[in-house]
4 protein chains.
Amino acid sequence: MSDIRIAVVGAGRIGLVHAENLAHRVRGAQLAAVTTSRPERAAAVGACCGDVPAYPDLDALLAAERDNLDAVVIASSTSAHADNVEQCAAIGLHIFCEKPLALSLADCDRAIAAADRAGAKLMLGHVRRFDAGHVEARRLIAAGAIGQVIAFRAISGDTDPPPASFADPAVSGGLILDAMYHDLYLARWLVADEVVRAYAEGGALVDAGVRSVGDVDNAIVSLRFAGGAMGSLFVSRTTRYAHDLRVEVIGDEGAVHIGRLAQTPVVLLDRQGLHRDTVRTATQRFGDAFAAELQAFVDCVRQDTAPPVTGLDGRAVTAIGLAATRSLHEKSPVQV
Amino acid sequence: MSDIRIAVVGAGRIGLVHAENLAHRVRGAQLAAVTTSRPERAAAVGACCGDVPAYPDLDALLAAERDNLDAVVIASSTSAHADNVEQCAAIGLHIFCEKPLALSLADCDRAIAAADRAGAKLMLGHVRRFDAGHVEARRLIAAGAIGQVIAFRAISGDTDPPPASFADPAVSGGLILDAMYHDLYLARWLVADEVVRAYAEGGALVDAGVRSVGDVDNAIVSLRFAGGAMGSLFVSRTTRYAHDLRVEVIGDEGAVHIGRLAQTPVVLLDRQGLHRDTVRTATQRFGDAFAAELQAFVDCVRQDTAPPVTGLDGRAVTAIGLAATRSLHEKSPVQV
Amino acid sequence: MSDIRIAVVGAGRIGLVHAENLAHRVRGAQLAAVTTSRPERAAAVGACCGDVPAYPDLDALLAAERDNLDAVVIASSTSAHADNVEQCAAIGLHIFCEKPLALSLADCDRAIAAADRAGAKLMLGHVRRFDAGHVEARRLIAAGAIGQVIAFRAISGDTDPPPASFADPAVSGGLILDAMYHDLYLARWLVADEVVRAYAEGGALVDAGVRSVGDVDNAIVSLRFAGGAMGSLFVSRTTRYAHDLRVEVIGDEGAVHIGRLAQTPVVLLDRQGLHRDTVRTATQRFGDAFAAELQAFVDCVRQDTAPPVTGLDGRAVTAIGLAATRSLHEKSPVQV
Amino acid sequence: MSDIRIAVVGAGRIGLVHAENLAHRVRGAQLAAVTTSRPERAAAVGACCGDVPAYPDLDALLAAERDNLDAVVIASSTSAHADNVEQCAAIGLHIFCEKPLALSLADCDRAIAAADRAGAKLMLGHVRRFDAGHVEARRLIAAGAIGQVIAFRAISGDTDPPPASFADPAVSGGLILDAMYHDLYLARWLVADEVVRAYAEGGALVDAGVRSVGDVDNAIVSLRFAGGAMGSLFVSRTTRYAHDLRVEVIGDEGAVHIGRLAQTPVVLLDRQGLHRDTVRTATQRFGDAFAAELQAFVDCVRQDTAPPVTGLDGRAVTAIGLAATRSLHEKSPVQV
């Protein structure tokens, strides 16, 4: 089978990662085009991906390349996802959509229905499910290595807050939906159960930009699963010391930890003690997983198999994130 | 100044640790007597501490040794603490009381008042405040190394549930007050702020004995501090893989982690991978801290200085524990 | 500039790594052809690199593709390297040659002279110099972070001995030249000094195949540098627990360690303790470095700059390896 | 049985450790007296051990306390050990002697014979054999967990050189005998085989005081064992970054590592990365082992059992140290 042709919608940080992987690492696919309204992002794509057409928006892309495309990677703002999915599904493109699928369950349903109607593949970007460490942890848990799961603990910290325009809950969904999202899908996937209740506390404690758009920059969330297990999560936009992503799953016979703080295996020792570097970005930590994730999408399109992460998965995680976000404002637990 | 003479009330696991430290490691003190109603515990005291009189209860001890004592270490059941403190304070003994001070704030107040009236020292057993690692973490935080504190994360897991008779909330105060207690005082001490709200989820998921007395064996607690910081805590009676005590304090400029999983610095490598042992008990992990703690008590008695942990500290922690326990049953956040 | 076209000579384990990187990850280059006399290796190339012509040997390759090639990657047996380099240089191809350059200094000189005469680039495969960890360690040392270097310690262990036919010293150069080679070039590069004396002890202690061809499977080497620093190295073909590559450089003000034992950041905890996986192969550990190394070669060809690792570097390391190998047999220190 | 009475000969750094353990931690023994010619050391003993008679030298001690003593701990300069042992054995005292037993094999033999003649216990100070980590490693190796031992790797680094007067080889035996001694006895004990050949390289690279007395401050030693196993050791008086003691034993089925760099389990994370403290002194690292070691001596005296470390053990290690020291000067391997 010949390579499938894929366009990347949105050339922000994550869009560029996908474009580069399509251009250089994913097999069976070609990067066909990108969309971006900003010339400097088009230049960034050119620098890392070679000569690739850049269109100002999705309409322009589809007008020009429609007959030339098999699939799209949607990496636009979350608030645009559902519309983008509908538009692409309508013309029969397969869709890889970055998380979260949408800012409301209604929009999630609309996007899922559009893909279903069109018979288009719809895969959500749950990148850590393609990381060797998380895959191995899931395998250990499924094999019974830790017994019955009792608790899920997680921290997600980012070194720098996003620009206020992006942090705006109307665009991103807010801290919990946007930045705790990865831990929420890991919780469902690793505990292998559904969340029934969420409670959140949070505050705009550090970053003035986040505060100015009415969001919080740090939050904790308590989860309760249907089977009784519990979740204890912390998310932060301001862990300047590292891109700190660590998960622990505790069972009645053992536990599994995933995560690390150091980027390289270099230790410096001097009179002040022992020093190491830290992971600074998601791409440093999950570079291989981003490539594996897109490969999985390309493979499911080429082999006509079911995507490993579905629209319904994305909807379920969004439901938890929305409940936790509501709890943050109502200051009481919210049923999912 | 000659050595002070100290009796240990209660020769359970922790009472024996204190007796042994008084007999062999603490300077300026002598182990004068113990109380225990069980011959095998008296024998255990003899085996590790030499020839020490053992009395069936506090009344018998005081009847026989009253003029012979300067202080007591109270290591009886929590439900007996307040009465024990009152009785010993009334005859002018200085008091080291194991945590928690009591099962209710009223009893805490009664115990504190008794010591105050008598002019007796009253020090609470907050052992990790005497551990070199926790002391260093506190120093770093106070020195500004992590900036403004944003979040406190903790796990406290014990390898084996206590006997149901001890786990009984009427005796121990229940999982949160009894077993999360250390994390609660560390939270106040390391964040250097007061807790204003607590929310808990928990369940009797593993141990039938714990369930039979109406307690839970695993719980998560969310804390909110007056200044906005947050706490995300997990406590378990059933982490069979280790006595797992780890704390993280995250600030807007950095973070400090305290804790380790391995007991010895031995790594075994074989075809299956890399293997290490784990900490199994609090005394393995905090042996030196228990000795340092009792030394601090003896020093404050001998030098007539203020105890480093006061009855009011114990009361404040109990208040948080009681609020979190109430939240567990009411399924909504509780103000402290 | 258009992509350069590169053939890979030899499709063994390392040849396949280079072929795959040329096919998918290295920019500015195309994989033009490979040589292998074994149909199953040709099939392996096809499986990972797509449709690439495979020739039985270098003569056949050059006969068919000569006008079509800009460069070669030589990944044949060490005993064939010098001849391969001469033959390719003679027709003006640029050359990336796997380590060691040759089995004798005379052959090293012959290969270097051939490339010089032809004006061809000759770069040696010193892969760890392209690993982020080793690069950072070198930067720290050069910046004075550990003061004056005093000692270099290293372990290189492989999980499985090679087939006896490959281990044969007449083919591979023997354990020290073949398997300690990486540590020897790291020693020169990180200590930034030349080795003047080597002493070795070794034995065929484990593997019958290695013994049958007259080589040893485990050895230690002591090095002395011109400036007084010392090296203490261990090499093994039989560390079944891991592909164990760790280096320490100790200075008079500090030390730097490079290396790790675990492959993924997953920790399993159970009643037996703490368990992790281990690195099993060089490609698991240095996958990115292999790509970076070949990228550096392609870049120096395309930009007509000097290769970062020269034939003379390869010759110098070979000289140390030969001296240590001689010491192994003579049982006394040998000057380099 | 009543407590045995023990004097400590020499109140230097290690003598003080033993005195303090006898005074406070070892059971079944009393600290009876110490010798020191320096008033400030006598004061140091008083500060940590209470009221203990201090004599200017061994003659004075024995003259005054002879009938009052059961045993001695010899912690004088190595050059005085053999005479001290002879003198104490002659009057029937049991003897714990710090390592090394003596500066020559003749003196070792003289000391051993003196104890034998007198029927006195003679135990050598091999402290790491009483450390839980090393004991566990030995157990694992003896249980076959790593298969047949192939190699022993070790580093021993001290943060600060001793005063030149002590470093003087005529007093201490020189760097290898004095400071690599612990690794040499661990090598025999963990490999469970005898060393047959040693080769050393060393230099006075850092410390002018060490150089001024004709010793080296850094050295590497290669060992060969009778059964074919190898040893690769580095010793340093100048690892200012830590008291760095780490050992690895590699077998044909696995490996065991013993050692750690960090003192406390505290990790500080900030914008510069991850930071930990380091072990600074042997007593920080091996405080419990020093107490266990002396307890073992006291127990073997009280129970009339054989010492766990004998004079012959001490002699065997001294023989390796002397051979390696000779190799250092002769620049060729020396048979033990």
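Eight salt bridges are found across the interface of chain A and chain B. This interface belongs to a predicted model. The briefing covers the contact of chain A with chain B, the contact of chain D with chain C, and the contact of two domains inside chain A.

**Chain A against chain B: what the side of chain A is made of**

- One of the salt bridges joins E201(A) to R224(B), with 2.9 Å between the closest N and O atoms.
- Six strands of chain A each give two or more residues to the side that touches chain B: β7 (149–157), β8 (195–203), β9 (218–225), β10 (230–236), β11 (244–251) and β12 (254–259).
- Among these strands, β9(A) provides the largest share of that side, six residues.
- Sorted by class, the side of chain A that touches chain B holds 19 nonpolar, 13 polar and 10 charged residues.

**Chain A against chain B: extent and symmetry**

- Chain A brings 42 residues to the contact, and chain B brings 42 residues.
- The size of an interface is often given as the accessible area lost when the parts come together.
- For chain A and chain B, the buried area is about 3,300 Å², and 60% of it lies on carbon and sulfur atoms.
- Apart from salt bridges, polar contacts can also be counted: the interface of chain A and chain B has 16 residue pairs in polar contact, both residues being at pLDDT 80 or more.
- A turn of 180° with a shift of 0.0 Å along the axis lays chain A on chain B, with an RMSD of 0.0 Å.
- The copies meet through the same surface, because 100% of the interface residues of chain A are also interface residues in chain B.

**Chain D against chain C: extent and residues**

- In this pair, 42 residues of chain D are in contact with 42 residues of chain C.
- Chain D and chain C bury about 3,300 Å² between them, with 60% of that area on carbon and sulfur atoms.
- Which three residues supply more of the area that chain D buries against chain C than any other three? They are R153(D), I220(D) and M230(D), which supply 17% of that area.
- The interface of chain D and chain C contains eight salt bridges.
- One of the salt bridges links E248(C) and R246(D), whose closest N and O atoms are 2.7 Å apart.
- Between chain D and chain C there are 16 residue pairs in polar contact, both residues being at pLDDT 80 or more.
- On chain D, the elements that give two or more residues to the side touching chain C are β7 (149–157), β8 (195–203), β9 (218–225), β10 (230–236), β11 (244–251) and β12 (254–258).
- β9(D) gives the most to this side, with six residues.
- By class, the side of chain D that touches chain C divides into 19 nonpolar, 13 polar and 10 charged residues.

**Chain D against chain C: symmetry**

- Chain D is laid on chain C by a turn of 180° and a shift of 0.0 Å along the axis, with an RMSD of 0.0 Å.
- This is the relation of a two-fold axis.
- Both copies use the same surface, as 100% of the contact residues of chain D recur in chain C.

**Two domains within chain A**

- Chain A is divided into domain 1 (4–127 + 288–308) and domain 2 (129–285 + 316–335).
- The centres of these two domains, taken over C-alpha atoms, are 25 Å apart.
- Domain 1 of chain A has 24 residues in contact with 20 residues of domain 2 of chain A.
- The two domains bury about 1,700 Å² between them, and carbon and sulfur atoms give 64% of this area.
- On the side of domain 1, K99(A), L103(A) and H126(A) lose the most area to domain 2, together 35% of what that side buries.
- How many salt bridges are counted between domain 1 and domain 2 of chain A? The count is one salt bridge.
- K99(A) forms a salt bridge with D178(A), with 3.7 Å between the closest N and O atoms.
- Nine residue pairs are in polar contact across the interface of the two domains, both residues being at pLDDT 80 or more.
- The elements of domain 1 that give two or more residues to the side touching domain 2 are α1 (13–24), α4 (78–90), α5 (105–118), β6 (122–125) and α12 (282–302) of chain A.
- The largest share of that side, five residues, comes from α12(A).
- By class, that side of domain 1 has 15 nonpolar, six polar and three charged residues.

How values were computed: Residues are numbered from 1 along each chain as its sequence is written. Chains are lettered from A and ligands numbered from 1 in the order in which they are written. This is a predicted model: local features need pLDDT of at least 70, side-chain atom pairs count only at pLDDT 80 or more; totals for chains, interfaces and linings use all residues. Side-chain values use heavy atoms; hydrogens and water are left out. Contact means heavy atoms within 4.5 Å. Buried area is the accessible area (1.4 Å probe) that two parts lose on being put together, summed over both. A salt bridge is a side-chain nitrogen of Lys or Arg within 4 Å of a carboxyl oxygen of Asp or Glu. A polar contact is a pair of N or O atoms within 3.5 Å; within protein, one must be able to donate a hydrogen and the other to accept it, and residues adjacent in sequence count only if both atoms are side-chain atoms. Helices (H or I, at least four residues) and strands (E, at least two) are DSSP runs, numbered from the N terminus. Ala, Val, Leu, Ile, Met, Phe, Trp, Tyr, Cys and Pro count as nonpolar, Asp, Glu, Lys and Arg as charged, and the others, Gly among them, as polar. Copies are superposed by least squares on the C-alpha atoms of residues with pLDDT of at least 70 in both. Domain bounds come from an automatic or database domain assignment.
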